[in-house]
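Got your viewer open? Let's take a walk through this one, one selection at a time.

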Amino acid sequence: GFAIHFSLGTIYTYGNLSPYITSYIRNQSSPHDLRIGTTSLVYAFAVISQGVSMFLGGWLDHKIGPRITTMAGGLVMSGGVMLSYFAIKLSFWMFTFTYGVMFGLGLGVSYIGPLACAVRWLPKWKGFASGFVMSGFGLGAVLFTYMQTLYINPHNQPLSDSGYFEHPDVLSKVPSSFLLFGGVYMAMQVLGSLLLTNPPATTSESDPHVIKENAPQRGINMDNIASMNSETPLQGTHLTDVEEDTTSLSPLQMLKTFSFYHLWLLFFLLGTAVFTTATKYKLFGQVFIKDDHFLAAVGSVSAIFNSAGRILWGVFADRFTYKVGLVCLTAVMATFVLTFYATVIVGKVMFTVWVCVLFFCVGGIFSLFPTAAARSFGSKYFGTNYGILFTANSLSTAVSAVISIYLFDYLDWFGYFFLVSGFCLLAFVTALLYRHRRYLPFLYQQERE
């Protein structure tokens, strides 16, 4: 699962690739007046397509298992990257289809399988299991961000006075990079998928994590369930793994709960900060930093923090609660987005630290929300339920792309960061107000029956 997410996480290299892509299309393809803000649509379409296909990936994982589901999605994703070799030579919109839509569709289908599989193997440590697998998603950009720059711009050619790359040595490497890295992604996904398998239906009594399919259920202690809310750590309850599976909420049951819409809104608000961090850090850095290799190195180092955030925020949720984690994360995110513009004054060191902290929080977002979904709605339908919840991030990305294209010229960098920090502040308030009594109506109905 870690290896598969390592390749899927190359979506976070788009912020590094974007200046090369825009420069190539302006010089060698069409339209010749393409602007860097418009290029963010590729990332937006990828995330939107991911949100649409994650529901399908969760359903396929539930029906045919993680191995075939993940392999099929991986082939679509890496195939889209390789086809971008041809698409970018034709037009921006053809490239958007291959590197945006195809990439996102494949990513969404293959995203859930490794994650759900890990949660099934370690039901008592959902935060750690999901965080460890998804740490690969954040770590993928560590290697590939810098490798992309070394391949495309090995001599560290600067931007021209127009603000784009125009050196022939740089532009000529852009199309072939998609063939090279797409082939690497495909190899990692196929090999990783072959190793995916769900826990066996029956296992030995000595294994504390994997439970028998027909194991007897203990009675449900309604006093413990009634007192279980988002402020109670999971370890402090008496809900067994078998009971959790039998009381999992189906997608339709989940959609009838207020907690789902509360989490959905919170995910939507934080999605604006994810979009800003993933697509804008290098573009903003180029305003006052002219060293392309340095910016690529910052992207690689920040990916380590992205990966670490997925593990550490997940462990934090296991130790305390996911609500406490979300409150702390939104507070940090709002503060660092609001003060990001100050890095222009202080310089490279502050810029590096701020980018790393922001990516650390991005990693936490994609660790805490799977944990929240699993604890709030159960693990049986986890893949499908989380896929539905993820639509919040997809819609948020679409809104962020519109803001980037149509409002950025009026806001400039300071106004843009101020607006995004406002979304993060609203997310902080939303997280503070979140309360959830896990499965309570469903369990009382079971008890009466």
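Before the first stop, a working definition: a cavity here is a set of grid points where a 1.4 Å probe fits but cannot get out, and its lining residues are those with an atom within 4 Å of a point. Keep in mind throughout that you are looking at a predicted model.

**Stop 1: an enclosed space**

Searching the whole structure turns up six cavities of 30 Å³ or more. We'll visit the second largest, which holds about 80 Å³ of space. Which residues should you select to see its walls? Pick Ile11, Tyr12, Tyr43, Val47, Gln50, Tyr111, Phe137, Val274, Phe366, Phe390 and Asn393, and you have the lining. Helix α3 supplies the largest share of that lining, with three residues. Now colour the lining by residue class: nine come up nonpolar, two polar and none charged.

**Stop 2: salt bridges**

Side chains of opposite charge can pair when their charged atoms come close. The model has four salt bridges, and we'll call at some of them.

Start with Arg120 and Asp61, whose closest N and O atoms are 2.4 Å apart. Arg120 is in helix α5 (residues 92-121) and Asp61 in helix α3, so this salt bridge ties together parts 59 residues apart in sequence. Are the two partners buried or exposed? Arg120 counts as partly exposed because its relative accessibility is 25%, while Asp61 is buried at 2%.

Next, select Arg375 and Asp318. Their salt bridge has its closest N and O atoms 2.6 Å apart. The pair links distant parts of the chain, with Arg375 in helix α16 (residues 348-377) and Asp318 in helix α13 (residues 292-319), 57 residues apart. Turn on the surface and you'll find Arg375 buried, with a relative accessible area of 5%; Asp318 is buried too, at 4%.

Then jump to Arg35 and Asp409, another salt bridge, with 3.2 Å between the closest N and O atoms. Here the partners are 374 residues apart: Arg35 sits in the loop between α2 (14-28) and α3 (36-64), and Asp409 in helix α19 (residues 408-433). Arg35 is partly exposed at 46% relative accessibility, and Asp409 is partly exposed at 48%.

While you're in the loop between α2 and α3, select Pro31, which also lies there. The peptide bond joining Ser30 and Pro31 is cis, with omega about 0°.

**Stop 3: rings**

Show the aromatic side chains next. There are 48 aromatic pairs to look through. Zoom in on Tyr281 and Phe359, an edge-to-face pair with 5.7 Å centre to centre and 80° between the planes. Tyr281 belongs to helix α12 (residues 258-285) and Phe359 to helix α16, 78 residues apart. Both Tyr281 and Phe359 are buried.

Another edge-to-face pair is Phe284 with Phe288, at 5.8 Å centre to centre and 70° between the planes. Phe284 is buried, with a relative accessible area of 0%, whereas Phe288 is partly exposed at 22%. Now widen the selection: ring pairs link Phe284, Phe288, Phe340, Tyr341, Phe351, Phe408, Trp413, Phe414, Tyr416, Phe417 and Phe418 into a cluster.

Rings also have charges over them in places. Select Lys348 and Phe294 to see the lysine's charged end over the ring, 4.8 Å from its centre. Lys173 does likewise with Tyr151, where the charged end is 5.2 Å from the ring centre.

**Stop 4: along helix α19 and a last loop**

Go to Asp412, in helix α19. What is its phi? Asp412 has a positive phi of about 60°, although it is not a glycine. Asp412 is partly exposed, with a relative accessible area of 45%.

Also in helix α19 is Phe428, which counts as partly exposed at 23% relative accessibility. Draw a C-alpha to C-alpha distance from Phe428 to Thr330: it comes to 5.0 Å, though the two are 98 residues apart in sequence.

Finish at Asn156, in the loop between α6 (126-152) and α7 (168-171). Asn156 is another non-glycine with a positive phi, about 55°. Asn156 is partly exposed, with a relative accessible area of 27%.

Methods:
Residues are numbered from 1 along each chain as its sequence is written. Side-chain values use heavy atoms; hydrogens and water are left out. A salt bridge is a side-chain nitrogen of Lys or Arg within 4 Å of a carboxyl oxygen of Asp or Glu. Helices (H or I, at least four residues) and strands (E, at least two) are DSSP runs, numbered from the N terminus. Buried means under 20% relative accessible area, exposed over 50%, partly exposed in between (1.4 Å probe, protein chains only). On a 1 Å grid over the protein atoms alone, a cavity is a set of points where a 1.4 Å probe fits but cannot get out, and a pocket is an open set with protein on both sides within 12 Å along at least five of seven lines; lining residues have an atom within 4 Å of a point. Grid points are joined across faces, edges and corners, and a volume is the space filled by probe spheres set on the points. Ala, Val, Leu, Ile, Met, Phe, Trp, Tyr, Cys and Pro count as nonpolar, Asp, Glu, Lys and Arg as charged, and the others, Gly among them, as polar. Rings of Phe, Tyr and Trp (its six-membered ring) pair if their centres lie within 6.5 Å; planes under 30 degrees apart count as stacked, over 60 as edge-to-face and the rest as tilted. A charge sits over a ring if NZ of Lys or CZ of Arg is within 6 Å of the ring centre and within 35 degrees of the ring normal.
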